[in-house]
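Biologist: Please take a close look at one part of this model, the nonpolar core. Which residues and which elements make it up, and how does the rest of the chain relate to it?

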Amino acid sequence: ELDRRIDQYRDLINDNKPHTAYSLLESLEKDIPADIDPRIKYRITANKAACNLRLGNMDIAAKGYLESYAICPDAPKADAHKVLGLVLQNKDKEAFDFGLECIPKTQDQQALFTNLLIAKKGLPEEEKPFEFIPDEIQDDTNILIAKIDYLRSFNNRPAWRELAHYATEKYPDDDILKRFDAEATLDDICEKIDASVLDRLDPG
């Protein structure tokens, strides 16, 4: 029953209703006994952190994600949440190194590798930045979104545009990827226009 209620509140967060979800999570937190399963405490704390993240309260969200890991480090997404908490505290290198250590034991590869890519944005650019991701999830939807976001953060225009088009062909119904695809097309057009304008400048 508690899991079902938390699932409902999580869905409210995903429906962009973090204020409502946070209030419900706080009420639930007050009602549960002190000796409740740590996994339930973890889920409440992590979802409250997600609410704060949506509301722009980055410092509070970071503390919440780190607290959730401390409550139940064996939860499936706990290590991914710690990575995200450290990133929100601008500790990108610490977040990435911790995430790499968690790879052999993680229970949710998609969540961990997505957040590792978020951490990697704060590190120096590499020529082959995605080699650490297992082949079987290289084309996971959220991984593709994180990879495009990573390439955009370094202004690698040809690479992110190509990946955006590829990802949209693979998942044509994903709204975020459709937006990336449209932005890639627009970015390509704007780059060509900028180049044609330079070509028309009078060299004097």
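Modeller: What follows goes from the whole chain to the core and then to the cysteines.

This is a predicted model, in which local features need pLDDT of at least 70 and side-chain atom pairs count only at pLDDT 80 or more, while totals for chains, interfaces and linings use all residues. Residues are numbered from 1 along each chain as its sequence is written, and side-chain values use heavy atoms, with hydrogens and water left out.

The chain has 10 helices and zero strands, where helices (H or I, at least four residues) and strands (E, at least two) are DSSP runs numbered from the N terminus. Its C-alpha atoms fill a box of roughly 80 × 35 × 35 Å along the principal axes. Of the 204 residues, 40% are buried; buried means under 20% relative accessible area, exposed over 50%, and partly exposed in between, with a 1.4 Å probe and protein chains only. Contact means heavy atoms within 4.5 Å. Among contacts with a separation of 6 or more, 53% join residues 24 or more positions apart.

Now the core itself. A nonpolar core is a set of buried Ala, Val, Leu, Ile, Met, Phe, Trp, Tyr and Cys residues joined through side-chain atoms within 4.5 Å. The largest one has 38 residues, and Val83, Ile133 and Ile148 have the most contacts inside it. Two or more residues each come from α3 (38-54), α5 (78-88), α6 (92-102), α7 (109-120), α8 (141-153), α9 (157-170) and α10 (175-200). The largest share, seven residues, is that of α8. A second, separate core of 19 residues includes Ile6, Leu12, Ala21 and Leu28.

Val83 can be followed residue by residue. Leaving aside neighbours within four places in sequence, Val83 is in contact with Ala95, Phe98, Gly99, Leu112, Asn115, Leu116 and Ala119.

The cysteines come last. A disulfide is a pair of cysteine sulfur atoms within 2.5 Å, and by this rule the count is zero. Cys102 is in no disulfide, and the nearest cysteine sulfur, that of Cys72, is 14 Å away. Cys102 counts as buried because its relative accessibility is 2%. Cys190 has a relative accessibility of 34% and therefore counts as partly exposed.

As for the surface, the chain exposes about 11,700 Å², with 50% of it supplied by carbon and sulfur atoms; accessible areas come from the Shrake-Rupley method with a 1.4 Å probe, and for residues only the protein chains shown count as cover.
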